[in-house]
Amino acid sequence: MINDVLNKKRLGLELSYVEIRDFFNGFLAGSVEDYQMSSLLMAICINGMSEEEVFALTKVFIDSGDILEWDNISGIKVDKHSTGGVGDKTTLIVGPIVAACGVPVVKMSGRGLGYTGGTIDKLESIPGYRVDLNEEEILSQVKNIGIVITSQTADLAPMDKMVYALRDVSGTVSSIPLIASSIMSKKIASGADKIIIDIKFGRGALLPNINAARKLSPLLKKIGKIYNREVKTIISPMDIPLGHNIGNSLEVMEAMDVLQGKEVNNSLVDLCYDLASEMISMGLNISKKEAMDMVYKVIENGEAYQKFLDLIKAQGGKIEKLQVSTFKQNIRANKSGIIKDINAINVAKLSMSLGAGRENEDDLINYDVGVRLEKLYGDHVKKGDILATLYLPSAKKIKVEDNIFVIN
Ligand code: URA
């Protein structure tokens, strides 16, 4: 049976639901070996999958674990997902804005691996913040303050987790059918009524270009439809980091700045307002324009920031103890001109090298380090200006390659 399935996919033929189910269940049970699964994943990467196959795989992933239901939270529950990017702290900003507008937010987030940081790591940089709420605590907190951001309680789509770990080391991450079933299985199992997905493309993303993002988008919506979940997508570029800060505490600080209206007119703020207004529009069944007006209002009157503070306090965090490293180093402009590029991957690598990310699942991370981009894309700079501040793990300065900023 294993070889029949592998040969079929190698020839680009369509697999049946039963073939997909038995092969993937076999992997979970240990009767299909890693090398056999890698071989199928690579054949899927090369030959793709029909929509029917993607629907089948999504079902197999969902059925491998628990399915949460939030019937006792009133209101339409809207969830958000990002396919991952450098400096992506949108959940920390969008969650409180949306909750301040009266849409309940129960967000189960993950830790980061590789170049994309995880929301849970960012929140754990706040001393005391608990990420292990049980279902009872989640329900009571949503009733009290309308927002929870925690790690997964139940075992949602455990098969996806196993398969993802293998994709990560077998060159099979960037496959549209595999990405679609991976994302949607977790989103459906986590019980939201409506889902917004931020699909990122470009140098710092899984998907290389906008065409790939445009292929993924309808597939996500079709899967949502099967499970009676409305799915909206936003397609956004990820060549340049989002906002100023990359690194855990630094990103929380930047989220606080945005929530207090201290930052305007940059790509991070625009994306957050866009995502938040889509979520509010979906949650309250109002137009996006009306929702956007609400977003401006809760930023201006301080309710969004207050919601963030309520969230941190409710989960035990001491925001006044949030800190960054006191050891700093500057990157300065070597000529005058306009910033024409900031390479997201190279910034992410630099931040990782300081200790802000993990290469392996059990690596420890340093919450206090990272990179602050003092200048952003399109800014005019003079020779000698500070382009970025590095927050270092120790007093020892590091050698920085000249591969981040392009000035012309
Ligand atoms: N995010 C996921 O959860 N899965 C993928 O395959 C890609 C991005």
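Start by selecting serine 182 and the ligand: a polar side-chain atom of Ser182 lies 2.6 Å from a nitrogen atom of the ligand. That is a polar contact, meaning a pair of N or O atoms within 3.5 Å; within protein, one must be able to donate a hydrogen and the other to accept it, and residues adjacent in sequence count only if both atoms are side-chain atoms.

Before going further, a word on what is on your screen. This is a predicted model, in which local features need pLDDT of at least 70 and side-chain atom pairs count only at pLDDT 80 or more, while totals for chains, interfaces and linings use all residues. Residues are numbered from 1 along each chain as its sequence is written, and side-chain values use heavy atoms, with hydrogens and water left out.

**Stop 1: around the ligand**

Add lysine 186, where an N or O atom of the side chain sits 2.4 Å from a ligand oxygen. Then add arginine 167, whose side chain places an N or O atom 2.9 Å from an oxygen atom of the ligand. How much of the ligand does the protein bury? Taken alone, the ligand exposes 240 Å², and the protein buries 91% of that (accessible areas come from the Shrake-Rupley method with a 1.4 Å probe; for residues, only the protein chains shown count as cover).

Now select the whole shell: His81, Tyr164, Arg167, Ile179, Ser182, Ile183, Lys186 and Leu206 surround the ligand, a residue being near it if one of its heavy atoms lies within 4 Å. Colour by helix and you will find that α8 (158-169) and α9 (176-189) each supply at least two of these residues, with α9 giving the most, 4 residues. Helices (H or I, at least four residues) and strands (E, at least two) are DSSP runs, numbered from the N terminus.

**Stop 2: aromatic pairs**

Next, show the rings. Rings of Phe, Tyr and Trp (its six-membered ring) pair if their centres lie within 6.5 Å; planes under 30 degrees apart count as stacked, over 60 as edge-to-face and the rest as tilted. The count comes to 4 aromatic pairs. One of them is phenylalanine 24 with phenylalanine 61, edge-to-face at 5.9 Å centre to centre and 80° between the planes. Phe24 is in α2 (residues 17-29) and Phe61 in α4 (residues 51-63), 37 residues apart. Both Phe24 and Phe61 are buried, where buried means under 20% relative accessible area, exposed over 50% and partly exposed in between (1.4 Å probe, protein chains only). Add Phe23 to see the cluster that ring pairs make of Phe23, Phe24 and Phe61.

**Stop 3: serine 151**

Move to strand β3 (residues 147-151), which holds serine 151. Is this residue buried or exposed? Serine 151 counts as buried, at 18% relative accessibility. A polar atom of its side chain lies 2.6 Å from the backbone oxygen of valine 131. Not counting residues up to four places away in sequence, Ser151 touches Met108, Ser109, Ile120 and Val131, with contact meaning heavy atoms within 4.5 Å.

**Stop 4: helix α15**

Finish with α15 (residues 344-354), where 9 of the 11 residues are buried, so this helix is largely enclosed by the rest of the structure. Among the elements covering those buried residues are β7 (328-332), β8 (337-342) and β11 (386-391). At the start of α15, a side-chain oxygen of asparagine 343 reaches to within 3.0 Å of the backbone nitrogen of isoleucine 345. Just after the helix, select glycine 355, which takes a positive phi of about 110°.
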